[in-house]
Amino acid sequence: MNGLFGTESWWVVIAKAVLIFLILVIYTLFNIWFERRVVAKMQHRIGPNVHGPFGLLQSLADGVKLALKEDIVPTAADKVVYVLAPILATIPAFMAWAVIPFGPEVRIPFTDTVTPLQLTDLPVGVLYILAVTSIGIYGIVLAGWSSGSTYALLGGMRSSAQMISYEVAMGLAFVSVFMYAGSMSTADIVAAQAEDMWFALPLLPSFVIYLIAMVGETNRAPFDLPEAEGELVGGFHTEYSSLKFALFFLAEYVNMVTVSALATTLFLGGWRAPWPISLWDGANSGYWPVLWFLGKTLIFIFVFVWLRGTLPRMRYDQFMKFGWKVLIPAALLWTMAVAVVRRIRLDGGMDQQTVLIVGGIAVTLLLVIAFIPERKQPADDEEPAETDAFAGGYPVPPMPGHQETRPDA
Amino acid sequence: MSMVELTFLMLSGVAVFSALLAVSTTQVVHAALWLVLTLGAIAGCYLLIGAEFIAWVQVLIYIGAVVVLLLFALMLTRAPTGPDSATTTSNRNVAAAVSVLVAGGLAAIMVSGFAGERLAPPRGGVGSAASIGDAIFGTWVLPFEILSLVLLAALVGAIVLTRRGPERDNGAPGDVPERAQH
C-alpha cells in the first residue's frame, strides 16, 4: 500500500473526489451516446447525430429534458421510501470508485504535490466495492415495492433474486485473483499483474465467470429481467418520472462502468499499458495510464452494447438455472483447482509441465462426465396432445411436444 | 473524550435507536429498513475499532444479502406489506423477556472482558484479513466447523419446507400455499 494514503492534504482529497464524480458523469453521458450509436450501427441505422458533433450532446439534451419533466408521485406510493429509492441506487454506484486506481503517482500541475491517481486504498478494497455495490440493490428493490404497482413490484423482486444469485458467482471469481495477487487491495493487485502477467490469462475461467456475472449484476441485456419491457412495462422504474428516473438511469450506467473498471483492474492489468504500447518507456508514468485505463474500460462497455445488440432476453427460470446450476458450481470447482495448484506450486512440488498434464486430464474427465446423458424422466402422457392454437380466441404457441392444429388446414 | 470515542457512541446510539424502531414500527418493510440502519451502524462501529475486514463483510453479508433476501421473501409470499402489516403476536411478552435476558448476558460478557478498555485509533494489522484468517482457521477452527453444521441444518430445513410431498399436505406438488390464496 502506498504510504501517501491517509496523509494527504484535504484539498487534494476533495479535488480527487470531485474529479472522479465529474469523470463518471461525463463518461455516463458519453456511454449513453456510445451505446445508441453502436447499437444503431449494428441495426443498420444512424443513431443520434443532430446535437453537437456526431450527436455527442444528445445525452445532455435528454438529461435536460428529463429534468424539466413533471415529477409524479403515485397516490399508492410509500412517499418516504419512494424518494429514498433512487438516492440509494445512485450513491453506492459512485462510492465504489473510491478505491479504483486510475494511474500511478503523478505531480499535480502547477504544484509540487505528488499524489497517486486513486482516491484512497484499503487493504480490503475489492471487498469494499462488493459491499457498497450490494447496497445499490436496495434502490431497485425499494423502488419496486414503494411504487404501489404490480409491474414495479415484480421488477424489484426479480432484481433482488438476480443480484444475490450472481453476486455469489462474482465473489467466487474474485477469490482466485486474491490467491494469485496475495492481497485484496486494488493497487496491490495491479502491481502484482505488473510483475506476473494479466490475470485474465492464467485465470481465464474466472475472467469468463466474472464477465457473465457482471452483466447479471448490472441488469443489462440479455439479463435485463427487472425491467423487461415486454412483460413489466418498465419494471422497477415504471412509476418513476423526471429526475428520479434520471437517477436510476445514471446509476445503471455508472454501475456498468464500475464493473468494467473492476474487470480492468483485476484481470486486464489495471492502468498499466497493454503490450505494444508498453514497449515505450514513458507508457506507465505521468497521466498517460488514465488513457489506457479508460480505453480498457471502454472495451467492456462495448461488450455490454454488443450483447444488447445480439442476444434476446433470457427467460427468468433459464436465467436462475444458469446462475445456480452452472455458474456457481463451475466457479467453486475452479476456485478449488486454483487453490490446490497454487499451494503445490508455492511449495515447489510441481513444475509447469506436470501441472499442465494433470490439468488436461482433469478437464478431459469433466468433459466426459458432462457428455454422459442424464437419465430420462418418465413422460407423463404417452402420446403428445394436440393444441388448438386458437382455442382461447387468440393465437397461442403449442407447448413442447404438442402438435399444432390449424383451424384452416 | 476523543473523536473516535464520540463517533463510536453516536453510532451505537443510532444502532440502538433504529433497532427499537425496527421492532416497534407498524410496517414490515420499514422494519427491514430500520434493521439495515442498525446493521450499518454496527459495521461503522467495527470500522472504528479497526476491524476493517469484519466491517465490510458485515455490510456485504447482512445488508447486501440477508435483509435483501428477507425483503424478497416478503414480496414473494404475498404476505401483506402495506400499513399495519407488522402485527404483534401473543408471544411478545415472552420474546421481550428472552431478549432482555440475552442482552444482559451479552453485556455481562462485554463488561467482564473489556471493562476499562479505551478506544485507541486503530493499529495496523489487528483487524486485517490475514490475522482474522489465522484466528478462524487456527485457534477457532472447531467453533467455525460447528457453525457450518448449523448452516447445513438450516439448508436441509429449507429444502424440507419447500418440498411439500403428497404425504404431507395431500395436495399436488405445485399447489399454491394456503397463505397466498387470500
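**Exercise 1.** Which residues have the most contacts inside the largest nonpolar core, and how many residues does this core have?

*Solution.* The model is predicted.
Step 1. The size of the core is established: the largest nonpolar core has 118 residues.
Step 2. The residues with the most contacts inside this core are W97(A), F174(A), Y210(A) and M214(A), together with W56(B).
Step 3. Turning to secondary structure, α9(A) gives the most to this core, with 15 residues.

**Exercise 2.** Identify the contacts of F174(A), leaving aside its neighbours within four places in sequence.

*Solution.* Step 1. A contact requires heavy atoms within 4.5 Å.
Step 2. With the sequence neighbours within four places set aside, F174(A) touches V126(A), L130(A), Y210(A), L262(A) and L266(A).
Step 3. Of these partners, Y210(A) is also among the residues with the most contacts inside the largest nonpolar core.

**Exercise 3.** Describe the largest cavity and its lining.

*Solution.* Step 1. One cavity of 30 Å³ or more is present in the structure, and the volume of the largest cavity is about 280 Å³.
Step 2. Its lining consists of 21 residues; T133(A), M163(A), E217(A), T218(A) and N255(A) lie nearest the centre.
Step 3. In chain A, α4 (125–146), α5 (150–181) and α9 (242–267) are the elements that give two or more residues to the lining. The most comes from α9(A), with seven residues.
Step 4. By character, the lining divides into twelve nonpolar, six polar and three charged residues.

**Exercise 4.** Compare the span of helix α4 of chain B with the expected value.

*Solution.* Step 1. The helix covers residues 92–114, 23 residues in total.
Step 2. From first C-alpha to last, α4(B) reaches 32 Å, close to the 33 Å expected at 1.5 Å a residue.
Step 3. After α4(B) comes G116(B), with a positive phi near 80°.

Terms used:
Residues numbered from 1 in each chain as written. Chains lettered and ligands numbered in written order. Predicted model: local features only at pLDDT ≥ 70, side-chain atom pairs only at ≥ 80, totals over all residues. Heavy atoms only, no water. 1 Å grid on protein atoms, 1.4 Å probe; cavity = no way out; pocket = protein on both sides within 12 Å on 5 of 7 lines; lining within 4 Å. Points joined across faces, edges and corners; volume = space filled by probe spheres on them. Helix = DSSP H or I, 4+ residues; strand = E, 2+ residues; numbered from the N terminus. Nonpolar A, V, L, I, M, F, W, Y, C, P; charged D, E, K, R; others polar. Expected span 1.5 Å × (residues − 1). Core = buried A, V, L, I, M, F, W, Y, C linked by side-chain atoms within 4.5 Å. Buried < 20%, exposed > 50% of the residue type's maximum accessible area, 1.4 Å probe, protein only.
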